[in-house]
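Open your viewer and get your selection tool ready. Each stop below tells you what to pick next and what you will find there.

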Amino acid sequence: MIKFLSSPLRNLAAGLAFMLVVSVCATAAYVANGWRLGDALYMVVLTVYTVGYDEVIPINTPELRAITIALIVTGCTGMIFLTGTLIQLITASQLQQLFGFRRMQKEIDRLTDHVIICGYGRIGQMLARELQAGKSAFVIVERGDGRMTAARELGFLSLQGDATDEDVLRLAGIARARALATVLPDDAANVFITLSARSLNRELTIIARGEAASTEGKLIQAGADRVVLPTRIGAERMAELLLYQNVAKVLSGIKAGDLDRLGRDLRRLGLEIELVAAETGSQSVGTTIGELEATAAGAFLVVAIERQNGEILLQPAANIAIQEGDGVAIVGRPGRAQTVVSVFARSTVS
């Protein structure tokens with residue numbers, strides 16, 4: 001019995017069922033004694049809710065008095081139980097939220113050198129999974145109820161609130177964080193978050209998402225270290241797959257074919273395989289692999305090259321030079337983006 005009553009939801013269901021049975025039985029009893037259905041139902045509601053209006057029809061017979069007494073005892077008792085159950089349910093929910101928030105906040109307060117993810121949409125979810133796989137501590141800031149619930153169900157440290165609010169960023173531990181990624185689909189919000197984050201932590205690494213190409217400069221001026229344009233990245237990736245299909249198949253084989261174990265081992269070590277193009281006028285063109293890796297200072301290693309004629313060079317020697325338009329497969333750590341761009345992208349300096 002104690003176990004049964006320990007569940008607020010079960011108590012609520014039991015209370016509602018009891019009150020329904022009492023009301024139906026009392027209404028039927030009044031109708032059986034000659035009352036109209038509307039009068040009987042009205043009398044039941046008045047009695048159950050203890051409103052205290054005058055009787056609809058005088059209770060002047062032993063049968064009516066017995067029905068009314070039984071209704072008062074059972075109906076009022078059931079209503080008291082039902083009211084208590086509702087209070088218990090509301091209180092339990094509020095306490096659960098309160099203690100859950102406090103426990104979550106204590107865990108966040110203990111974090112240092114972590115990453116703050118602003119937005120738990122499609123890109124935010126992928127970023128969270130990648131950081132989890134890389135054993136990196138992170139906090140999600142999201143204002144939507146549904147996405148916040150999904151993040152907490154996965155066990156992610158999360159904070160519900162508007163990331164454009166500096167107080168929310170402080171609660172996320174921005175003063176102790178090493179990086180912030182704002183990946184909202186709203187460029188204006190990303191610019192504002194970048195400005196706020198930079199003012200709160202001058203040493204913070206800020207990665208910002210941009211939808212429109214014109215937003216990139218604004219985000220850089222606002223204080224972002226790097227701007228990611230998902231549309232551009234997707235187009236570049238598709239172009240690489242179209243231009244360098246042979247080496248892309250090799251990489252796909254490493255990741256998902258017979259050498260799948262190698263791909264998992266690399267990811268476990270915090271390494272990634274990426275295919276980039278040696279653009280015309282970039283630093284990489286005409287440079288040997290040995291010189292290129294020395295310039296990168298350990299940021300990446302070249303593991304394969306695909307020439308424009310379709311020739312594939314696996315584990316190329318250090319004295320092989322990169323040619324214009326080559327597809328270069330590199331292995332490196334996630335933080336190598338700036339180095340890769342500076343080496344393989346076309347120089348804009350005239």
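## The whole chain

Of the contacts in the protein with a separation of 6 or more, 61% are between residues 24 or more positions apart, where contact means heavy atoms within 4.5 Å. You are looking at a predicted model, in which local features need pLDDT of at least 70, side-chain atom pairs count only at pLDDT 80 or more, and totals for chains, interfaces and linings use all residues. Residues are numbered from 1 along each chain as its sequence is written, and side-chain values use heavy atoms, with hydrogens and water left out.

Colour by secondary structure, and you have 14 helices and 10 strands in the protein. Helices (H or I, at least four residues) and strands (E, at least two) are DSSP runs, numbered from the N terminus. Now colour by burial: 38% of the 350 residues count as buried. Buried means under 20% relative accessible area, exposed over 50% and partly exposed in between, with a 1.4 Å probe and protein chains only.

## The sheet

Next, show the strands β3-β2-β1-β4-β5-β6, which in that order form an open sheet of 6 strands with parallel pairing. Two strands pair if DSSP finds at least two bridges between them. At the edges you will find β3 (158-160) and β6 (226-228), each paired on one side only. From one strand to the next, the twist averages 15 degrees; axes are lines fitted to C-alpha atoms, for helices over the stretch in contact, and angles run from 0 to 180 degrees between N-to-C directions.

## Strand β1

Select residues 115-118, which make up β1. Which residues cover its two faces? Val115 and Ile117 are on one side, Ile116 and Cys118 are on the other, and all are buried.

Add residues 138-142 for β2, which runs parallel to β1 and is joined to it by 4 bridges. Along this pairing, Cys118 stands opposite Val141, while Val115 has Phe138 as its bridge partner. Then add residues 179-182 for β4, also parallel to β1 and joined to it by 4 bridges. Here Val115 stands opposite Ala179.

Step back to the loop between α4 (62-109) and β1 to find Asp113. Check its backbone: phi of Asp113 is near 55 degrees, a positive value in a residue other than glycine. Most residues other than glycine have a negative phi.

## Helix α5

Now select residues 122-133. This is helix α5, with 12 residues and a reach of 17 Å from its first C-alpha to its last, close to the 16 Å expected at 1.5 Å a residue. The expected span is 1.5 Å times one less than the number of residues. Relative to the sheet, α5 lies across β1, β2, β4 and β5 (205-209), and runs at about 160 degrees to β1.

Show the side chains of α5 and pick out Gly124, Ala128 and Leu131, its buried residues. Looking down the axis of α5, you see these buried residues within an arc of 70 degrees, so they line one face of the helix; the arc is that of the directions from the helix axis to the C-beta atoms. The buried residues of α5 pack against β1 and β2. Turn to the other side of α5, where Arg122, Glu130 and Ala133 are exposed. Just after the helix, Lys135 takes a positive phi of about 60 degrees.

## Three buried residues

Start with Val183, in the loop between β4 and α8 (187-200). Is Val183 buried or exposed? Val183 is buried, with a relative accessible area of 10%. Leaving aside neighbours within four places in sequence, Val183 is in contact with Ile117, Cys118, Gly119, Ile123, Gly124, Asn190 and Arg209. Draw a C-alpha to C-alpha distance from Val183 to Gln125: the two are 58 residues apart in sequence and 10.0 Å apart in space.

Move to Thr215 in helix α9 (residues 215-222). Thr215 is buried, with a relative accessible area of 6%, and is in contact with Asp187 and Val191, leaving aside neighbours within four places in sequence.

For the final stop, select Val44 in helix α3 (residues 37-48). Val44 is buried, with a relative accessible area of 2%. Not counting residues up to four places away in sequence, Val44 touches Ser23, Ala26, Thr27, Tyr30 and Leu71. Between Val44 and Ser23, 21 residues apart in sequence, the C-alpha to C-alpha distance is 6.4 Å.
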